[in-house]
Amino acid sequence: SVLAKALQEGTPCPVCGSLHHPRLAEASQNAPSEAELKNLKRIADDFQKKAEKIISKVLKQIKSGNLDRKELVIHTQITKNLDDYKQVGPHVIAAREIESHGIKVGKGTIVQYIIAKGKGSISQRAVPYEYSEGIEYDKEYYIENQLIPAVSRMMEPLGYDKDRLRELSSNERQQSLDAFF
């Protein structure tokens, strides 16, 4: 109804482009006023700025390598006997490592692990949290497989793609070559 107020016969509709407007939307009793819409826009913009700062801070902490290991722990529940897993994921590798220290791990156990930097698959680099002291974590794994996917679900509706989210760690926006011409 806000758009309908501004439409005049013969001028293009900002939504569909039509020059004719035979049935304009009528104002609803519950429709927000222009002032309310501006206030909501301000609130959304403030949220976006705060979200950018938080994401940027976390990205920088992960990249610095100084994030507390407790912040990196992945928790996964064992859902069957370890020998019954056909696909051996990181939680299974971590559980087997825990068992190698004499601790029984079975169905229902919550395994806590981090992903260490190094060669091999993610599963092969899973280290039980209890034995991860002094282990360097895989910064790229945590950014690309933990943080970016989780944050993108919240930020994509605001126009953020994964590349734009990655850029928040440097506070620089990449420019195309066109920007220089």
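1. A good place to begin is the cover over helix α2: its buried residues are covered by parts that include α4 (139-155) and α5 (162-167). Please keep in mind as you read that this is a predicted model. Which residues of α2 are the buried ones? They are Gln48, Ala51, Ile55, Ser56, Leu59 and Ile62.

2. Now look at helix α2 itself. The helix runs over residues 34-64, which makes 31 residues. From its first C-alpha to its last, α2 reaches 45 Å, close to the 45 Å expected at 1.5 Å a residue. Just after the helix comes Gly65, with a positive phi of about 80 degrees.

3. Next, the charged pairs. How many salt bridges does the structure hold? There are 9. One of them joins Lys41 to Asp45, where the closest N and O atoms are 3.1 Å apart. Both residues sit in α2, and because they are 4 residues apart there, about one helical turn separates Lys41 from Asp45. Is Lys41 buried or exposed? Its relative accessibility is 52%, so Lys41 counts as exposed; the cut-off for that word is over 50%. Asp45, at 29%, counts as partly exposed.

4. Helix α2 also takes part in a salt bridge between Arg164 and Glu52, with the closest N and O atoms 3.8 Å apart. This pair links distant parts of the chain, since Arg164 belongs to helix α5 and Glu52 to helix α2, 112 residues apart. Recall that α5 is among the elements covering the buried residues of α2. Glu52 itself has a relative accessibility of 25%, so it counts as partly exposed.

5. For a salt bridge between loops, find Asp138 and Arg125, whose closest N and O atoms are 2.5 Å apart. What does this pair tie together? Asp138 lies in the loop between β3 (126-128) and α4, while Arg125 lies in the loop between β2 (110-115) and β3, so the pair ties together parts that are 13 residues apart in sequence. Here the cut-off to remember is that buried means under 20% relative accessible area. Asp138 has 12%, so it is buried, and Arg125 has 11%, so it is buried too.

6. Finally, some salt bridges share partners. Which residues do they join into one network? Glu144, Asp163 and Arg166 are the residues joined in this way. Try finding these three in the structure above.

Definitions and conventions. Residues are numbered from 1 along each chain as its sequence is written. This is a predicted model: local features need pLDDT of at least 70, side-chain atom pairs count only at pLDDT 80 or more; totals for chains, interfaces and linings use all residues. Side-chain values use heavy atoms; hydrogens and water are left out. Helices (H or I, at least four residues) and strands (E, at least two) are DSSP runs, numbered from the N terminus. The expected span of a helix is 1.5 Å times one less than its number of residues. Buried means under 20% relative accessible area, exposed over 50%, partly exposed in between (1.4 Å probe, protein chains only). Contact means heavy atoms within 4.5 Å. A salt bridge is a side-chain nitrogen of Lys or Arg within 4 Å of a carboxyl oxygen of Asp or Glu.
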